[in-house]
Each structure stands twice: as C-alpha cells, then as structure tokens.
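Please look over the model below. This report covers its sheets, helix contacts, empty spaces and unusual backbone spots.

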Amino acid sequence: MAIKYVPESFRIKVVEPLRILSREEREIKIREAKYNLFNLRSEDCYIDLLTDSGTNAMSTEQWAGIMRGDESYAGASSYFKLIDAVKDIFGYDYVQPVHQGRAAEKVLFPLLISKGKYAISNMFFDTTRAHVELAGGRCIDCVVKDAKNPSKRAPFKGNMDVGKMEKIISEKGKENIAIVVMTITNNSAGGQPVSMKNMREVSAVCNKYGIPLIIDAARYAENAYFVKRDEEEYKNRAIGDIVKEMFSYADMFTMSAKKDAIVNMGGIIGVKDGDSPIILKIKANCISYEGFYTYGGLSGRDMEALAIGLYEGLDEDYLKYRIGQMEYLASKLDDAGIAYQAPVGGHGVFIDARAMYPQIPYFEFPAQVLAVELYKEAGIRTCEIGSYMLGNDPDTGEQLQAEFEFTRLAIPRRVYTQAHLDFIVDALIAIKERAHEIKHGYRITWEPPILRHFQASLEPVQE
Ligand code: F0G
C-alpha cells in the first residue's frame, strides 16, 4: 500500500545545481574509478546517496551561527555554547569536541582497550571496528537474530542479543571485555533502532560485570523517534526526554555529529561522571591529536552550528518528515517487490542485494554490483555494506563473509525532494528487471590493509 509523502518541515532558500551525465559517460567514469564509488567526483553524480554523513543542509539559524562563531584558540564562547547544549540534551558532565566521529574513537578507545581485549557491540560501524583493532582489541558483534533476516519485519532489529552478550562475557572472562558499545541507530544492520528496554538490559549486564558502556551516538535523534513510535510506554514522551533517558544508561558516548546534529563537520565525546579519571586522559589525547580541548579540531563556527543542530535534530515535525522519506521509499519498493532491510530504518534504505542477485557469491560482492548498476543506470551514487566493506580477517587475512549484502541508499538530511525519491525507485525497478542477466560480480585488484573499501580497486569478474 502506497504511503503518503510527509511534506517538508522547511522551505528551500538556497539551491545547488545538479547535472546528469549520459549513460556512456557514466560507464567511462565508473571504469576510470576502478568500480569504486568513492573514487568518483561528486559533480559526476546526479543523486549522491553515498552517505548521510556531513552531507546535510544547514538551516538559516545554523548559517547565522556560522557568522557568530568565536575563533579564539582557548575558551571561545562557541565552545561554551556547545557544552551547554550537550549537557542540556544528554545530561553528561564532560563534553569534548573533536573533528568527527572517528576522532572521538581515536582519542577514547586506546584509553579503554589494550592488546588482546574484546569489545562487544550490537554491531560495530567500520571505523569503530578499525579503532578497536588499532588499539589491539578484537570486535564481537551481537545483534539480535531478527536483524539477519532482511525480510522479517520486526521492531528494533538494531538491538543487542543480551543472552549472547552475557555468554561471551562468561566465556572470555569479564576482565577481558574492555567495553560494550551500543550503536544507535545500528547503522551496519540497516539503520535499525535500539529499544529503551534493550538499552536498559544491556546497561544492567554491564553494571553487573563492571564493564564500561559506550553509546555510538551518531543517530541519537532518529533512534529516539523510533522509540516513541514503536515502544508503547514512550508514545506520549517528548523526543528530548527519550534521548536523556537513553543516555542515562551509558557511561560515555562517542558521536559523529555529521549525521543527526545536521552539520557538515563535527564530533563529540561525552563522559557522564565529571569526576572520572579518564577526563584528564581524554584532554591529553585530544591536545596531541585534535587540538586544544576547547576546540578539539573544530572551528568556533563549527561548534556554533553544531550547538544549534543538536536541537534541530530533535524537532518532532522534522523527524516525522525525515523518517517519512524512508517510509515513502520503502513503500514504493514493496510495491515493486524489491527486498530491503525491513521495516525501513532511520537514515536510508538498505537494499538486499543478495535477494536481487542470488547468482553472485559473497566474494564477488553482490551489493557492489548493485551500487555500480545504480550509477550506470541513473547517476545515483550509493555504498556497499557487505562483504566488500567487512574486509579480511585481521588474523588470517581471509575474506570474511558478511551477515548481509546491502547496497545502502543513505539519504542526506533536508536535501532531496519527493521527485528525487521517485527517480531513485524508477532506477531500481529498471535494474531489477535485468538482474538475472548479470552473471558475475567484481574482484579486488588492489587493497590497503585497513578500511579497504574506501580506496580499493576492482574489476569485473569475466566468465
Ligand atoms: N559511528 C557510526 C555509527 C557511523 O555511522 C560513523 C560514520 C562513525 C561512527 C564515524 O564517524 O564519519 O564522523 O568519523 N558513518 C558514515 C556513514 C561515514 O557513511 O555511515 P565519522
């Protein structure tokens, strides 16, 4: 059944022209890019769904904030504005600005993780996984079973499997578990939310064993919207209250502010307990890697826009429109019989490429096939979240098989219109009609040792 498009909670003031290349030109561009979408120039993409990170449109208030930015090296007023906003929204005592999410991970994780220790998560995002491994740790994903079945419409498919998590803690020994990370929403599982109930349960287990609980907070507001929509006891609660309660269960958070805080650059580390000895170490690492602790790699103007965006991301009319875009796309895909991680998550639609190309094995990267087809078909740039992104086992070097083979259509915030979404669906329908004609996927001809999908070169596998 077709879902109605929720109208924008804003109007457009500034526009950026787009151009679309011919199919022949696109085929040349993608070959020159070695079939890696990260190697394309943005001007050669018509609709850019590579990521929802840092690609958001700021508001008039945020642009006004850019002009108010205080660029003092130490103690800038924009820093204090950011601190006040974070304390108010999340209720944490210590706030460390950093330049983006992975900087938060780089500053914090070596303080918590040492060689041979484990980190457990509902699911690690790729940079988060990389920073655990760079600190000498090993990652264990514990997402609920439902998440692994894209066609099963269950609520809160981003949840932690708490039973499995406890089993791992007792098998490995609690002293060997350095941290537990709750990624909200769960990006790698399809932008799927985590319920408040699940967060409470995970927190209780962490408290029982004395393991620090960290929120990977990139999409804190979208997660809260789902809690309100789908968790009965939160139906009448304000989004802001839900966020505050969610964060009360953790000890620290790392945030890529380039998502729900609707800015183009920024990150935050939060520590709940202002007396925690880790704060001095965070400051020291930040000064070494990011900059003095009152700016942490951000300009004053960035902190100003971020302080405003953190609130705008919580606006319920905006969130209704935002999640509405995903629901609209998903309902069109239902009509067309195109499988995706269902129900649709918060920041994009994750197409089930294994269902689209059952003939292509994981080591030929079916979701990369779909990503390349979308570019060739319509100039749409997307991103593979599957075996290609997962990479090789850090110990054996063997290609790992991912739980899913998703092509992610990440939707930037406040950027694309209903007509753009219709155009995307039409492209997918055309691709699905020809899907059986594609016999092979891609092989990697060059790859770097870590986070390979950003840089690797690929070529089509021939008969
Ligand atoms: N955690 C999550 C859940 C993320 O989705 C990301 C980034 C990060 C951490 C790292 O943050 O990019 O600011 O350094 N995700 C982007 C994406 C890149 O496309 O999903 P960052």
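## Largest pocket

A pocket here is an open set of grid points with protein on both sides within 12 Å along at least five of seven lines, and lining residues have an atom within 4 Å of a point. The model is predicted.

The largest pocket has a volume of about 1400 Å³. Its lining takes in 36 residues. Nearest its centre lie V14, E16, A57, R414 and V415. Which elements give two or more residues to this lining? They are α2 (60–68) and α12 (316–336). By class, the lining of the largest pocket splits into 16 nonpolar, 10 polar and 10 charged residues.

## Cavities

Rolling a probe the size of a water molecule over the atoms shows where empty space is left. Searching the whole structure turns up 3 cavities of 30 Å³ or more.

The largest cavity has a volume of about 50 Å³. N36, L37 and F38 help line it, along with Q368, T382, C383, E384, Y388 and H453. Of the residues lining the largest cavity, 4 are nonpolar, 4 are polar and 1 is charged.

The second largest cavity comes to about 40 Å³. Its lining is made up of P155, F156, Q192, P193, F226, R229, D230, P343 and V344. That lining has 6 nonpolar residues, 1 polar and 2 charged.

## The seven-stranded sheet

An open sheet holds 7 strands, and its pairing is mixed. The strand order is β2-β8-β7-β6-β5-β3-β4. Which strands sit at the edges? They are β2 (94–98) and β4 (138–141), and each pairs on one side only. Neighbouring strands of this sheet are turned against each other by 20 degrees on average, direction ignored.

Take one pair inside this sheet. Strand β5 (residues 177–183) and strand β6 (residues 213–216) are parallel and share 4 bridges. One residue pair to find is V180 and its bridge partner L213 in β6.

## The three-stranded sheet

A further open sheet has 3 strands, ordered β9-β12-β11, with antiparallel pairing. Its edge strands are β9 and β11 (383–385), each pairing on one side only. The twist from one strand to the next averages 35 degrees.

Strand β9 and strand β12 (residues 406–410) run antiparallel, joined by 5 bridges. Opposite G348 stands A410 in β12. Helix α14 lies across β9, β11 and β12. Against β12, α14 runs at about 45 degrees.

## Helix contacts

Helix α14 (residues 366–378) also meets helix α1 (residues 23–32). Their axes come within 7 Å and cross at roughly 145 degrees. From α1, the contact uses R23, R26, E27, K29 and I30. From α14, it uses V372, Y375, K376, E377 and A378. By class, the contact of α1 with α14 has 6 charged residues, 4 nonpolar and no polar.

How are helix α3 (residues 77–90) and helix α9 (residues 239–248) set against each other, and at what angle? They pack at about 85 degrees, with axes 7 Å apart. Angles from 65 to 115 degrees count as roughly perpendicular, so α3 is roughly perpendicular to α9. D88, I89 and F90 of α3 meet V243, K244 and F247 of α9. The contact of α3 with α9 has 4 nonpolar residues, 2 charged and no polar.

## Backbone exceptions

Most residues other than glycine have a negative phi, and most peptide bonds are trans. Three places in this model deserve a look on that account.

Which peptide bonds are cis? One runs from I184 to T185, with omega near -20 degrees. T185 is found in the loop between β5 and α7 (196–209). Another runs from A342 to P343, with omega near -5 degrees. P343 sits in the loop between α12 and β9 (348–352). P343 also helps line the second largest cavity.

The third place is Y35. Its phi is positive, at about 55 degrees, although Y35 is not a glycine. Y35 belongs to the loop between α1 and β1 (47–48).

Key:
Residues are numbered from 1 along each chain as its sequence is written. This is a predicted model: local features need pLDDT of at least 70, side-chain atom pairs count only at pLDDT 80 or more; totals for chains, interfaces and linings use all residues. Side-chain values use heavy atoms; hydrogens and water are left out. Two strands pair if DSSP finds at least two bridges between them. Axes are lines fitted to C-alpha atoms, for helices over the stretch in contact, and angles run from 0 to 180 degrees between N-to-C directions. Angles under 35 degrees count as roughly parallel, over 145 as roughly antiparallel, 65 to 115 as roughly perpendicular and the rest as oblique. Contact means heavy atoms within 4.5 Å. Ala, Val, Leu, Ile, Met, Phe, Trp, Tyr, Cys and Pro count as nonpolar, Asp, Glu, Lys and Arg as charged, and the others, Gly among them, as polar. On a 1 Å grid over the protein atoms alone, a cavity is a set of points where a 1.4 Å probe fits but cannot get out, and a pocket is an open set with protein on both sides within 12 Å along at least five of seven lines; lining residues have an atom within 4 Å of a point. Grid points are joined across faces, edges and corners, and a volume is the space filled by probe spheres set on the points.
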